Amino acid sequence: MIAKTKGIKDTKNLTSRLPAIRFTKPEYLYIATSNARCAKADLYIKEGDHVDSCQVIGMRHGPFFEQPIHATCSGTFVGLEKHYHRNGKLTDFIKIKNDFKDTLDKSCFIRTPEEIASLTKEDMTQILKDCALVGLGGSSFPTYVKFQTDKPINMILINGIECEPYITADHRLMLEFPYRIMEGIKYVMQAFKCKHAKICIKSKYKDIKEVYTQVIKEYEGSGIELCCVGNFYPQGWEVEMIKSATGIQLKPGELPSNRGIINFNVSTIVGLYKAIKYNMPVIKRDITVTGDGIMFPKNFRVRVGTSIRDLIPLCGGYKNPDKEKVFILGGPMMGMAVPSDDCIITKTVTSIIVLDKTDYQEEPCVRCGSCVLSCPVHLEPVQIMNAVKTLDKERIKKLNPLRCIECGLCTYSCTSKINVTDYVRRAKLFAKL
Ligand code: SF4
Ligand code: SF4
């Protein structure tokens with residue numbers, strides 16, 4: 001698996017040295033009423049209402065939890081409008097006309113160092129719940145739920161590995177905001193009364209290594225260290241990261257907290273810092289707009305709710321505009337294709353990859369076994385595919401597709417250009433029935 005994945009073409013150099021351009025003043029912003037974890041919502045505003053930035057304007061409801069919906073600029077609620085969500089589905093979005101005043105809701109305030117020092121884990125859990133912080137690396141898992149673990153934590157891991165090709169949003173965030181990351185880590189250490197934390201990066205990120213080697217010296221005695229891990233894909237997957245950083249091998253399905261470990265993506269740590277320090281939800285995030293289909297790939301810092309259509313002209317438009325494009329939200333390995341650029345940046349969109357569409361012909365499976373050798377969780381993707389094709393539900397369940405982390409390696413390695421991952425995704429749906 002490792003030898004193969006080292007061969008994935010690294011396309012990060014398109015943007016890794018470019019600072020994030022601030023684009024925080026689009027005319028309209030669009031806030032999703034639903035997401036993968038919360039299918040329904042109640043709105044607290046009506047058309048024509050004024051909203052302040054960070055104001056709670058509704059509540060999403062899911063089977064396990066609720067999630068406040070925050071306005072990401074000040075302005076006027078225009079109405080609901082359908083656009084594509086990162087999951088590729090047309091979704092209702094709350095359309096807000098920006099008044100460009102950026103009036104902050106009164107719920108935002110600055111906590112003094114003394115107030116922060118007095119916060120308990122339970123206090124922080126409530127703050128993170130109210131601020132609706134989720135895993136910003138793409139998982140969208142609610143951070144407050146992670147905080148609710150009652151297991152003792154003796155190691156905090158911060159994931160700055162960003163192992164998917166193309167994406168450099170976390171890379172820039174780490175270079176540009178090291179102190180927010182360090183302070184955010186200190187808050188987590190305080191909450192869990194934990195004395196050790198490691199910031200995990202790929203060993204080839206020399207620029208990040210230089211910055212953090214220097215910054216960590218200012219935090220001498222804090223217990224925070226830098227940890228350089230391997231340069232392969234999927235090193236950023238939590239199981240691989242934990243193994244590299246601590247030597248602990250999680251069992252399939254085992255939670256890191258079971259071994260005294262808790263882990264967060266670097267963007268989530270910056271979100272956590274703002275929630276604790278300013279009582280602020282995530283209203284902005286860093287993203288990478290890149291790919292062979294775009295003139296000038298760039299990193300941006302944008303408001304959550306920005307339309308991709310507003311960013312394309314800032315990248316010089318499309319290269320070969322006559323050619324049909326493919327849009328991928330997230331990385332090329334684990335991301336989702338959306339049908340058009342009429343798509344909105346939600347909290348968990350890390351990147352937009354624009355590619356010229358190339359038609360290729362899927363060929364019959366030659367039973368080469370590449371997909372099996374590539375699978376980091378030791379599944380048999382080809383067998384799962386065959387079971388899906390024959391709708392053999394019993395066999396599908398026996399092949400454990402639910403353990404799939406959707407890393408995309410089976411598709412990447414397939415000799416016959418078959419989208420094997422797509423079959424495994426379908427198998428997961430069957431297995432849940
Ligand atoms: S997508 Fe799933 S089945 Fe395919 S290699 Fe990755 S983990 Fe294995
Ligand atoms: S990699 Fe493709 S061709 Fe090879 S066994 Fe798997 S599905 Fe078949």
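**Two ligand shells, two sheets and a few unusual backbones**

Mentor: In this predicted model, ligand 2 is surrounded by 14 residues, and the closest are Cys365, Cys368, Ser370, Cys371 and Cys414.

Trainee: What makes a residue one of the 14 that surround ligand 2?

Mentor: The test is whether its C-beta atom, placed from the backbone, lies within 6 Å of the molecule. For ligand 2, 14 residues pass. By class they are eight nonpolar, five polar and one charged.

Trainee: And which residues come nearest to ligand 1?

Mentor: Cys375, Cys404, Cys407, Leu409 and Cys410 come nearest, out of 15 around that ligand. Two elements, α14 (409–413) and α15 (420–432), give two or more residues to this shell. Its classes are eleven nonpolar, three polar and one charged.

Trainee: Where is Ser416, relative to α14 and α15?

Mentor: Ser416 sits in the loop between them.

Trainee: Why is Ser416 called partly exposed?

Mentor: Count the C-beta neighbours inside 10 Å: Ser416 has 15. Buried needs 20 or more and exposed needs 12 or fewer, with partly exposed in between. A count of 15 falls between those limits, so Ser416 is partly exposed.

Trainee: What does Ser416 touch, leaving aside residues up to four places away in sequence?

Mentor: Ser416 touches Glu362, Glu363, Pro364, Cys365 and Val366. Take Pro364: it is 52 residues from Ser416 in sequence, but the two C-alpha atoms are 6.3 Å apart in space. Cys365 also belongs to the closest residues around ligand 2.

Trainee: Let's turn to the sheets. Why are β11 and β12 said to stand at the edges?

Mentor: Start with the order, which is β11-β10-β9-β12 in an open sheet of four strands with parallel pairing. β11 (224–229) and β12 (261–265) each have a single partner strand, so one side of each is left without a neighbour in the sheet. From one strand to the next, the twist averages 25°.

Trainee: How do you know that β9 and β10 are a pair, and how many bridges join them?

Mentor: Two strands pair if there are at least two bridges between them. β9 (residues 155–159) and β10 (residues 197–202) have four, in the parallel sense, so they meet the cut-off. As an example, Leu157 has Lys198 in β10 as its bridge partner.

Trainee: Which helices pack against these strands?

Mentor: Helix α6 (residues 178–192) touches β9, β10, β11 and β12, and its direction makes about 150° with that of β9. Helix α7 (residues 206–218) lies across β10 and β11, at about 160° to β11.

Trainee: What is the strand order in the sheet of six strands, and is its pairing parallel or mixed?

Mentor: The order is β1-β14-β13-β17-β15-β16, an open sheet with mixed pairing. β1 (21–23) and β16 (336–338) are its edge strands, each pairing on one side only. Within it, β13 (residues 284–290) and β17 (residues 351–356) pair in the parallel sense over three bridges. Three also satisfies the rule of at least two, so this counts as a pair. Val289 stands opposite Ile352 in β17. Helix α5 (residues 169–176) lies across β13, β14 (298–303) and β17.

Trainee: What makes the backbones of Asn279 and Asn320 worth a look?

Mentor: Most residues other than glycine have a negative phi, and most peptide bonds are trans. Asn279 has a positive phi near 55°, and Asn320 has one of about 50°. Asn279 is in the loop between α9 and β13, while Asn320 lies in the loop between α10 (308–311) and β15 (325–329). The peptide bond from Tyr233 to Pro234 is cis, with omega near 5°.

Trainee: Why is Asn320 called exposed, and Asn279 partly exposed?

Mentor: Asn320 has 11 other C-beta atoms within 10 Å, and the limit for exposed is 12 or fewer, so Asn320 is exposed. Asn279 has 17, which lies between the limits, so Asn279 is partly exposed.

Trainee: Finally, how do you know that the radius of gyration agrees with a compact globule?

Mentor: With 433 residues, a compact globule would have a radius near 22 Å, and the protein chain has 22 Å, so the two agree. Of those residues, 45% count as buried.

Definitions and conventions. Residues numbered from 1 in each chain as written. Chains lettered and ligands numbered in written order. Predicted model: local features only at pLDDT ≥ 70, side-chain atom pairs only at ≥ 80, totals over all residues. Nonpolar A, V, L, I, M, F, W, Y, C, P; charged D, E, K, R; others polar. Axes fitted to C-alpha atoms, helices over the stretch in contact; angles between N-to-C directions. Contact = placed C-beta atoms within 7 Å. Rg over C-alpha atoms; globule rule 2.2 N^0.38 Å.
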